[in-house]
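This report looks at one sheet, the helices that pack on it, and one patch on the surface. Please view the sequence and the coordinates side by side while reading.

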Amino acid sequence: MTSTASRIVDALREALPAGSIVVDETELRSLERDRSGTARGWALVLVRPGSTTEVQAVVRIADAHGTPLVAQGARTGLAGAGSAVDGAILVDFSRMNRILRIDPLERLAVVQPGVTVQELAEAATEAGLFYAPDPVSAEWATIGGTIATNAGGMRCIKYGVTRESVRSLEVVLADGSAVRTRSDTIKSVAGLDLTSLVVGSEGTLALVTEATVGLRSAPGPARGASALFPSIDAALAAANEIATAASPPAVLELLDSFALAAIRDYDSTLEMPGDARAWLLAVTDARAGADEELAGFERAFAAHGALSSARAETSEELDGLFAVRRVLQPALDGYFGTAIHGDLAVPRAALGEIVAHAAELSERLGVIVSINGHVGDGNFHPIIAFDPDDADQTRRAHEAHRELLARAHRLGGTVTGEHGIGTEKLEALDEELSPRVRELQRAIKAAFDPKGILNPGKKL
Ligand SMILES: Cc1cc2nc3c(=O)[nH]c(=O)nc-3n(C[C@H](O)[C@H](O)[C@H](O)COP(=O)(O)OP(=O)(O)OC[C@H]3O[C@@H](n4cnc5c(N)ncnc54)[C@H](O)[C@@H]3O)c2cc1C
């Protein structure tokens, strides 16, 4: 350790209680990568502050030495955003894990960043209310991490992404000062909307030390219907009819023919008939009119030539329908050994074209390009299966992914609908955003973080 590094660690030891610093190499190495598995260097130290004041002390030390700071939630991120950079202080928020207040009148909760999404959702339910964001990682992912990535989930078609549930934030800025971004009221147009800038900024603008999030009325029980279709176009036509109905479904998910074939091979108990080319699942959680919504799903299925459909009236039955979606990832990963997992979003009207392009890429490049996901909001997760021991197939898989990204962009879409940029998708940003927009974004970063110590080399 250099003398500067020792001085930083000594200063952190002085500022934080015993037991809240990790410098042991082995332990540190096990904590410096998110689920992407990648990191841009070795961290110097990991700290676990227990309060906003302790976070401020850590940031002031980093500011004084120009040391990079990388915030960490549960490290479930898929883009490298929470992974170490060289010489970084990793700021782990797991000790700041209290739900401070649930206010039924104002319909909000005030929480520390280390609370998991599931803990908040359960506390809201106990209070007769509802926290809508539902990333599949909810059991582990933290409020701080999901705010910093603006996480999505299956229910976005009805409730929007995490941003739609964030009222205000307490953040620690790069110079160590703590500020609240706005009032907790539903409405506020006072000044520029800094809350929205911090949401989705992947720890590059500020550290979130407290969040006020909006809660909704508890929804009705979830009920759903799924259907198998003879073609992806038929499924997409049914999906568009369901998505644009007077009351939108809570969930609308699609699987394509590659996914169905992989699932058929992976788990024969799931009964996937060989003539099915697409699968659709629609869920309602309406408190009133759920029967009509379900009947509407089934009418759309029938109108677009569904081969069969199944209805789920109870949570157990619905779990049975979701089982098909849950095995998708292991089924396709297991097909050839590994897979690229994409995260594109396109306007709903462009779904047909992107699906056709994926089929053309599969044919031309001889790899499996499977299109699945949240068809209701246009965010889908292409899975490109390949054999990592076959160099040529690996090259073709990456070529297919590059072409798919380029086509999504041309169709007015984005390279990342929910998983973020981190370090993994930085290159694609230049394709998607104009130089002027990139410049503006960097100017905003410089205004928040003039020394560039907050998660450098990520997001922008
Ligand atoms: C099985 C699985 C399923 C998933 N499903 C979904 C899904 O459905 N939808 C979806 O959107 N994502 C999903 N993800 C990705 C991931 O869960 C989300 O990106 C999530 O928001 C990350 O939360 P985290 O607490 O793990 O944060 P981390 O991965 O630790 O960090 C993510 C980013 O947030 C920053 N950060 C963390 N805490 C703070 C803070 N307090 N202040 C400032 N910045 C902070 C980090 O620096 C980093 O940039 C999934 C991941 C897995 C492994």
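The text below takes the sheet, then its helices, then the patch.

This is a predicted model, in which local features need pLDDT of at least 70 and side-chain atom pairs count only at pLDDT 80 or more, while totals for chains, interfaces and linings use all residues. Residues are numbered from 1 along each chain as its sequence is written, and side-chain values use heavy atoms, with hydrogens and water left out.

Five strands form an open sheet in the order S5-S6-S10-S8-S9, with antiparallel pairing; strands (E, at least two residues) and helices (H or I, at least four) are DSSP runs numbered from the N terminus, and two strands pair if DSSP finds at least two bridges between them. Strand S5 (99-103) and strand S9 (178-180) are the edge strands, each pairing on one side only. Strands S8 (residues 166-172) and S10 (residues 207-214) run antiparallel and are joined by six bridges, and Val171 stands opposite Val208 in S10.

Two helices touch strands of this sheet, contact meaning heavy atoms within 4.5 Å; angles run from 0 to 180 degrees between N-to-C directions, with axes fitted to C-alpha atoms, for helices over the stretch in contact.

| Helix | Strands touched | Angle |
|---|---|---|
| H3 (residues 52-65) | S8, S9 and S10 | about 50° with S8 |
| H4 (residues 117-126) | S5, S6 (108-111) and S10 | about 35° to S5 |

Elsewhere, Ile444 lies in helix H16 (residues 435-448). Ile444 counts as partly exposed because its relative accessibility is 31%, the class between buried (under 20%) and exposed (over 50%), with a 1.4 Å probe and protein chains only.
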